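Please take a moment to look over the sequence and the model before reading on. The paragraphs after them are meant to be read with both in view.

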Amino acid sequence: IRSNDMPKVTASDKIDGVWIVEPTIHGDQRGLFIETYRREWFPNGREMIQGNRSNKQAGALVGLHYHMHQSDYWYTPVGTIRVVLHDLREGGPTDGATQMLEISGENHVGVYIPPGVAHGFSALTDVVMTYLVDGYYNPADELGVAWNDPVIGADWGVVDPIMSERDRTNPMRADLPAGRRPYWPMRT
């Protein structure tokens with residue numbers, strides 16, 4: 001348990017604009033208190049305007065999804081997920097980079113995901129995941145790329161994933177339709 005007053009907020013060393021948060025944990029015999037999000041932690045971030053919750057059973061796989069205009073902030077208070085991130089921003093300094101990390105109710109890590117970075121997760125246990133977004137739900141900005149694209153090279157940590165039909169049928173990165181591939185520079 002981290003005991004200093006400031007969270008550790010670090011820029012990803014793999015994907016530009018992604019931020020990893022290790023929050024400060026305050027605990028005693030009563031339990032824990034954790035400040036999980038602050039807008040000021042993320043340079044160039046906008047105000048988060050919608051909060052969502054996702055409960056998934058062990059073995060579920062969600063993604064890969066991406067947005068042209070929306071950032072996400074993910075936190076998992078219960079269970080463990082493996083997060084897969086892949087930079088789709090054509091011409092950017094980390095275009096094509098993939099990053100994987102685990103966030104859980106044990107390590108309390110949060111992750112900020114900018115527009116143009118594909119994101120998904122697999123539930124390594126039964127999980128409750130919360131996420132904040134800086135744009136209201138917009139079906140036109142709900143895009144996807146194949147979870148099993150060998151170019152992305154993700155190790156999801158699950159053998160027989162439970163998935164939606166949408167996620168099973170997302171196109172390979174090379175087959176993303178014209179106008180649906182993020183470009184650089186994007187607002188990060």
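What follows moves from the overall build of the protein to a few individual residues.

The model shown here is predicted, and a reader new to it may find it easiest to begin with the secondary structure. The protein has 13 strands and one helix, and when the elements are read from the N terminus on, their order is β-β-β-β-β-β-β-β-β-β-β-β-β-α. The radius of gyration of the protein is 16 Å, close to the 16 Å that the globule rule gives for 188 residues, so the protein is as compact as a globular protein of that length. Taken along the principal axes, the box that the C-alpha atoms fill comes to roughly 55 × 35 × 30 Å.

The next step is to ask how the chain is packed and what it shows to the outside. Of the 188 residues, 50% count as buried. Among contacts between residues at least 6 apart in sequence, 78% join residues that are at least 24 apart. The protein exposes about 9,300 Å², and carbon and sulfur atoms supply 50% of that area. As for charge, there are 17 positive and 24 negative side chains, and the centres of these two sets lie 2 Å apart.

With that general view in place, the backbone deserves a closer look. Most residues other than glycine have a negative phi, and most peptide bonds are trans. Against that background, the peptide bond from Gly-63 to Leu-64 can be picked out, as this bond is cis, with omega near 5°. Leu-64 belongs to strand 6, which covers residues 61–66.

Two further backbone positions concern phi. Asn-44 has a positive phi of about 70° although it is not a glycine, and this residue is placed in the loop between strand 4 (31–34) and strand 5 (50–56). His-108, again a residue other than glycine, has a positive phi near 60°, and His-108 lies in the loop between strand 9 (98–104) and strand 10 (110–113). Which of the two conditions, buried or exposed, applies to His-108? With a relative accessible area of 7%, His-108 is buried, because buried means under 20%. Asn-44, by contrast, has a relative accessible area of 57% and is exposed, because exposed means over 50%.

The last part of the walk turns to strand 9 and to two of its residues, beginning with Gln-99, which is found in that strand. At 8% relative accessibility, Gln-99 counts as buried. The side chain of Gln-99 is joined to that of Ser-12 by a polar contact of 2.5 Å. When residues up to four places away in sequence are not counted, Gln-99 touches Ser-12, Lys-14, Ile-15, Val-18, Ile-20, Val-83, Val-84 and Leu-85.

Thr-98 is also found in strand 9. Which side chain does the side chain of Thr-98 join in a polar contact of 2.7 Å? The partner is His-86, while a polar atom of the Thr-98 side chain also lies 2.9 Å from the backbone oxygen of Ile-152. Both of these partners, His-86 and Ile-152, appear among the residues that Thr-98 touches when those up to four places away in sequence are not counted, and that list also includes Lys-14, Ile-15, Val-84 and Leu-85.

Methods
Residues numbered from 1 in each chain as written. Predicted model: local features only at pLDDT ≥ 70, side-chain atom pairs only at ≥ 80, totals over all residues. Heavy atoms only, no water. Helix = DSSP H or I, 4+ residues; strand = E, 2+ residues; numbered from the N terminus. Rg over C-alpha atoms; globule rule 2.2 N^0.38 Å. Buried < 20%, exposed > 50% of the residue type's maximum accessible area, 1.4 Å probe, protein only. Contact = heavy atoms within 4.5 Å. Areas by Shrake-Rupley, 256 points an atom, 1.4 Å probe, with all protein chains shown as cover. Lys, Arg positive; Asp, Glu negative; His and termini not counted. Charge placed at Lys NZ, Arg CZ, Asp CG, Glu CD. Polar contact = N/O pair within 3.5 Å; in protein donor to acceptor, adjacent residues only side chain to side chain.
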